[in-house]
Amino acid sequence: PASTDEFLISDAGTLKRIDASLVGGKDFELLASTDISTDTALVEFDGLFGTDYKNFKVIISGLLPDTNGVRLNAQMKEGGSYITSGAYTYLIGADIVYNTTSQSANNTEAATNGTAIIMTSEMKNSAGEANNLDITIYDPLGSHYKAMTWHNQNYGNALTNLFRNYIGASVLRNSTNDCTAIKFYMDSGNIAKGNFKLYG
């Protein structure tokens, strides 16, 4: 129900009316959703980081690139423009299983002056092997550098049956201005499929 809806309740036989906003509550509110089914250059959430919420979640499911072996990138907007200079510090680390003999390994990728945040390692563009991310954006309107963490389940094409479990973290070390938007895109080619949801 919407917060403006009303319920009728019985108080010892007396009917009373109560707003739906006063019944229970939600941990997260869906603010925007984008569903990609054909090649799309990027997904952007702009102007949605409001003061009603402190922190924000982005859930990406069913993500596939249109090109084999590319990575998902992100950039943030401050002062009305996306930051494209070397201001991003990020680190992703993974546990890996691969091949038919269940061999295991680990992998890290990092930068201290990146032009974007690299959120995944190379991804396979096989229809049955989609990628998924759970992202938390911390206080994007706060007077500090802007931070994110995420968890990524990732299929890669560099090895046979390559499966990764990634965790990642990043900081935009540009200014303490408000972050007003974030965009996601592949480092080459387009996004072929995926559902992107923003929660406050």
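This passage walks through the core, the aromatic pairs, the salt bridges and two loop residues of a predicted model.

The nonpolar core comes first. The largest one takes in 40 residues, and within it Met119, Ile135 and Phe184 touch the most other members. Strand β8, spanning residues 88-98, supplies the largest share of this core, with six residues. As background, nonpolar side chains in soluble globular proteins tend to be buried together.

Aromatic rings are next. Four aromatic pairs turn up in the structure. In one of them, the ring centres of Phe49 and Phe56 sit 4.9 Å apart with the planes at 55 degrees, so this pair is tilted. Both partners are tucked away: Phe49 is buried at a relative accessible area of 7%, and Phe56 is buried at 1%. Another pair joins Tyr155 and Phe163, whose ring centres are 5.3 Å apart and whose planes meet at 65 degrees, so it is edge-to-face. Here the rings belong to residues with some exposure, as Tyr155 is partly exposed at 23% relative accessibility and Phe163 is partly exposed at 31%. Phe49 and Phe56 also belong to an aromatic cluster, together with Tyr53. A ring meets a charge elsewhere in the model: the charged end of Lys183 sits over the ring of Tyr82, at 4.5 Å from the ring centre.

Charged pairs make up the next part of the picture. In general, side chains of opposite charge can pair when their charged atoms come close. Seven salt bridges are counted in this model. One of these joins Arg17 to Glu6, with 3.5 Å between the closest N and O atoms. Arg17 belongs to strand β2 (residues 14-19) and Glu6 to strand β1 (residues 6-11), so this bridge ties together parts 11 residues apart in sequence. As for solvent, Arg17 is exposed, with a relative accessible area of 64%, while Glu6 is partly exposed at 45%.

Asp46 and Lys77 form another salt bridge, with an N to O distance of 2.8 Å. This one links distant parts of the chain, since Asp46 is in strand β4 (residues 42-46) and Lys77 is in strand β6 (residues 72-78), 31 residues apart. The two ends fall into separate accessibility classes: Asp46 is partly exposed at 38% relative accessibility, whereas Lys77 is buried at 12%.

A further salt bridge brings the side chains of Glu109 and Arg71 together at 3.3 Å, N to O. Glu109 is part of strand β9 (residues 103-114), and Arg71 is in the loop between β5 (56-65) and β6, so the pair ties together parts that are 38 residues apart in sequence. With the cut-off for buried set at under 20%, Glu109 counts as buried at 18% relative accessibility, and Arg71 counts as partly exposed at 21%.

Two loop residues round things off. Ser175 is in the loop between β13 (162-172) and β14 (179-186). Despite its loop position, Ser175 is buried, at a relative accessible area of 16%. The Ser175 side chain makes a polar contact with the Glu78 side chain at 2.8 Å. A polar atom of the Ser175 side chain also lies 3.1 Å from the backbone nitrogen of Asn177. Leaving out residues up to four places away in sequence, Ser175 touches Glu78, His144, Tyr145 and Lys146. Glu78 therefore shows up twice around buried Ser175, as a polar partner and as a touching residue.

Asn55 is the other loop residue, located between β4 and β5. Asn55 is partly exposed, with a relative accessible area of 35%. Its C-alpha lies 7.2 Å from that of Pro140, although the two residues are 85 residues apart in sequence. Setting aside neighbours within four places in sequence, Asn55 is in contact with Ile137, Tyr138, Asp139, Tyr199 and Gly200. Among these contacts, Asp139 has its backbone nitrogen reached by the Asn55 side chain at 3.0 Å.

Technical notes: Residues are numbered from 1 along each chain as its sequence is written. This is a predicted model: local features need pLDDT of at least 70, side-chain atom pairs count only at pLDDT 80 or more; totals for chains, interfaces and linings use all residues. Side-chain values use heavy atoms; hydrogens and water are left out. A nonpolar core is a set of buried Ala, Val, Leu, Ile, Met, Phe, Trp, Tyr and Cys residues joined through side-chain atoms within 4.5 Å. Buried means under 20% relative accessible area, exposed over 50%, partly exposed in between (1.4 Å probe, protein chains only). Helices (H or I, at least four residues) and strands (E, at least two) are DSSP runs, numbered from the N terminus. A polar contact is a pair of N or O atoms within 3.5 Å; within protein, one must be able to donate a hydrogen and the other to accept it, and residues adjacent in sequence count only if both atoms are side-chain atoms. Contact means heavy atoms within 4.5 Å. Rings of Phe, Tyr and Trp (its six-membered ring) pair if their centres lie within 6.5 Å; planes under 30 degrees apart count as stacked, over 60 as edge-to-face and the rest as tilted. A charge sits over a ring if NZ of Lys or CZ of Arg is within 6 Å of the ring centre and within 35 degrees of the ring normal. A salt bridge is a side-chain nitrogen of Lys or Arg within 4 Å of a carboxyl oxygen of Asp or Glu.
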